[in-house]
Amino acid sequence: MNTMFFTKILGGVAGSLLILLLVKWAADAYYFPGSGHGDGVEAAYAIAVEDDGVAEEVVEVPFAELLAAADVNAGQRKFGKCAACHTIEAGANGIGPTLFEVVGREIGGSDFGNYSGNLPSGTWTPEELNAFLINPKTYAPGTSMNFSGFAKDTDRANVIAYLSSL
Ligand code: HEC
């Protein structure tokens, strides 16, 4: 036994590893689409998967339905976010106009006296309030109402149901 003997063994092992790596690399390239060689090759057979459509169904409930099923008490709790600026007492304006009987009221129609002038004209129907409360700044650019909105449909429906109950 001499150095040469070990060198040969080492060389043998290293050589085998190298060949293994090359084979693996070639196999990867050949068998896995996207790795280069197999690009554009279609599967030899496709497995048909039954599509019952359940997973893709996006449930979109009309707002009127959400409103009909709305929870006034939950709306009252959510109103806490509005109460920083709004009261629900007739004539009692805060940073924002009173929201007493706001549903059905003319937009910008209270005696608030500090409207930005950027609210549209019309009436606060539940649908209009819904559109406003998703994102006040998108609905009425330049509005002085500094509130980011309720992204959740049910939150808006509940608050509007609460406002309707006043
Ligand atoms: C940071 C204060 C603030 C918060 C919070 C706030 N508002 Fe307002 N709101 C205002 C101001 C100010 C106006 C007047 C907007 C204008 O003139 O552009 C306003 C206007 C309104 C109007 C129109 C009233 C009218 O007479 O036309 C409605 C409706 C309203 N807010 C509902 C709400 C609701 C509901 C919430 C809670 C989800 C809320 N606001 C949260 C400040 C606020």
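This dialogue walks through a predicted model of a protein chain with an iron-containing ligand.

Visitor: What should I know before reading the model, and which elements does the protein chain have?

Guide: This is a predicted model, in which local features need pLDDT of at least 70, side-chain atom pairs count only at pLDDT 80 or more, and totals for chains, interfaces and linings use all residues. Residues are numbered from 1 along each chain as its sequence is written, and side-chain values use heavy atoms, with hydrogens and water left out. Helices (DSSP runs of H or I, at least four residues) and strands (runs of E, at least two) are numbered from the N terminus, and the protein chain has six helices and zero strands.

Visitor: Which protein atoms are donors of the iron atom of the ligand?

Guide: Donors are N, O and S atoms within 2.8 Å of the metal (3.2 Å for Na, K and Ca); here the protein supplies H86 (NE2) and M145 (SD), 1.9 to 2.1 Å from the iron atom. H86 sits in the loop between α3 (72-78) and α4 (126-134), while M145 sits in the loop between α5 (136-139) and α6 (153-164), 59 residues apart.

Visitor: Are H86 and M145 buried or exposed?

Guide: Buried means under 20% relative accessible area, exposed over 50%, and partly exposed in between (1.4 Å probe, protein chains only); both H86 and M145 are buried. Of the 166 residues of the protein chain, 26% count as buried.

Visitor: How many disulfides are there?

Guide: A disulfide is a pair of cysteine sulfur atoms within 2.5 Å, and the count comes to zero. As for the cysteines C82 and C85, C82 is buried at 13% relative accessible area, whereas C85 is partly exposed at 27%.
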